[in-house]
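Here's a quick briefing to read with the structure open beside you. Have a look at the fold first, then work through the points below.

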Amino acid sequence: MPEANYSKGEIMAAAGAREIKDGQNIVVGLGLPQVAALLAKNTHAPNISMINEQGVVGFSPVDPAVGMADPRMWYKATYFNSFIGTLGSFLHRGKVDIGFLGALEVDQFGNMNSTMVGGPGNTIRHFTGSGGANDIASLAKNIMIIMRHEKRKLRAAVQYITSPGYLGEGNLRQSTGLKGGGPWRVITDKAVLGFDRARGRMKLLSIHPGVELDDVLENTGFELLRDEQIPATVPPTAEELKLLREVIDPTGMYI
């Protein structure tokens, strides 16, 4: 098989972008979520509205931003609200179609951990915690997660539930009163994963070119639901690569 002419970050961004539909409202974080959303906006979904946690709406970053308060992320914004505006007005009113998140760990039910993990000798490492992730996971119509595909990160059960997925077998989420639809896609550097929402379980949807099924299964800490035939993820096109490399992330900060 010939060597791919794209990076892992580029196929993750392209795969994430293709899950976005024109006209959607999307809460995006820094890094690959921002890159994927901008790729969608510059190709098939010019009318999406990107929202960040601080309440900046409809932005088109002039350069890859290094923080939510980086003014380069606010370029061409149509509206400035607040952190409470995003987590309250937009999310609680059901106006967010996709919440695009990252996580330290995700389990088979789509529960996310960004708070703490165990270390050597019964030590605990603390991380940034929720921020707005719990609100987004609880209230957005769909959640997309982007992360590295490793067994220690894709676990049978997360060590701490920062943000809810389907909570357990049989989609326990439905009995909690959470308004949002729950996890929808997990984009990794090996595959695209989805969910059987009735069961609340993660499912393998496609495998990136050059990655073997055994590699995906060995690096997943639980049994993935899957069909008998699993397609290959569509690689980034020449147009997508040009946009990623020359317009969206020319320094390669995230891709």
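What follows covers helix packing, salt bridges, a strand residue and a surface patch.

Keep in mind that this is a predicted model. Helices H1, H2 and H6 come up again and again: H2 packs against H6, and what covers the buried part of H1 includes both H2 and H6. Salt bridges also tie H6 to H1, one of them being Arg 245 with Glu 10.

**Helices H1 and H2**

- H1 is largely enclosed by the rest of the structure, because nine of its 11 residues are buried.
- The buried set in H1 is Gly 9, Glu 10, Ile 11, Met 12, Ala 13, Ala 14, Ala 15, Gly 16 and Ala 17.
- Cover for those H1 residues comes from H2, E5, E10, E12, strand E13 (191-196) and H6, among others.
- H2 is mostly covered too, with nine of its 10 residues buried.
- In H2, the buried residues are Leu 32, Pro 33, Gln 34, Val 35, Ala 36, Ala 37, Leu 38, Leu 39 and Ala 40.
- Over the buried part of H2 you'll find, among others, helix H1 (8-18), strands E1 (25-28), E2 (49-51), E5 (98-101) and E10 (142-146), and H6.

**How H2 meets H6**

- H2 (residues 32-41) and H6 (residues 238-248) pack at about 120°, and their axes are 10 Å apart.
- Their crossing is right-handed.
- On the H2 side the contact uses Val 35, Leu 38 and Leu 39, while H6 brings in Glu 240, Leu 243, Leu 244 and Ile 248.

**Salt bridges**

- The count comes to 13 salt bridges.
- Arg 245 pairs with Glu 10, with 2.8 Å between the closest N and O atoms.
- Arg 245 sits in helix H6 and Glu 10 in helix H1, so this bridge ties together parts that are 235 residues apart in sequence.
- The two partners differ in cover: Arg 245 is partly exposed at 38% relative accessible area, whereas Glu 10 is buried at 5%.
- Glu 240 bridges to Arg 18, the closest N and O atoms being 2.6 Å apart.
- That is another H6-to-H1 link, so parts 222 residues apart in sequence are tied together.
- Here the acid is the buried partner, with Glu 240 at 8% relative accessible area, and Arg 18 is partly exposed at 30%.
- Arg 185 pairs with Glu 19, with the closest N and O atoms 3.3 Å apart.
- This pair links distant parts of the chain, 166 residues apart: Arg 185 is in strand E12 and Glu 19 in the loop between H1 and E1.
- Both Arg 185 and Glu 19 are buried.
- Arg 148, Glu 150 and Arg 152 are joined into one network by salt bridges that share partners.

**Around Leu 205**

- Leu 205 belongs to strand E14 (residues 201-207) and is partly exposed, with a relative accessible area of 29%.
- Leaving out residues up to four places away in sequence, Leu 205 touches Arg 185, Val 192, Leu 193, Gly 194, Ile 230 and Pro 231.
- Leu 193 is 12 residues from Leu 205 in sequence, and their C-alpha atoms are 5.2 Å apart.

**A nonpolar patch on the surface**

- Ile 161, Leu 167 and Leu 172 make a nonpolar surface patch of about 230 Å².
- Leu 172 lies in the loop between strand E11 (154-155) and strand E12 (183-187).
- At 42% relative accessibility, Leu 172 counts as partly exposed.

Note on methods:
Residues are numbered from 1 along each chain as its sequence is written. This is a predicted model: local features need pLDDT of at least 70, side-chain atom pairs count only at pLDDT 80 or more; totals for chains, interfaces and linings use all residues. Side-chain values use heavy atoms; hydrogens and water are left out. Patches are made of residues with over 30% relative accessible area and no salt bridge: like charges are joined within 9 Å, nonpolar side chains (Val, Leu, Ile, Met, Phe, Trp, Tyr) within 5 Å. Accessible areas come from the Shrake-Rupley method with a 1.4 Å probe; for residues, only the protein chains shown count as cover. A salt bridge is a side-chain nitrogen of Lys or Arg within 4 Å of a carboxyl oxygen of Asp or Glu. Helices (H or I, at least four residues) and strands (E, at least two) are DSSP runs, numbered from the N terminus. Buried means under 20% relative accessible area, exposed over 50%, partly exposed in between (1.4 Å probe, protein chains only). Axes are lines fitted to C-alpha atoms, for helices over the stretch in contact, and angles run from 0 to 180 degrees between N-to-C directions. A crossing is left-handed if the near helix is turned anticlockwise from the far one by less than a right angle, and right-handed if clockwise. Contact means heavy atoms within 4.5 Å.
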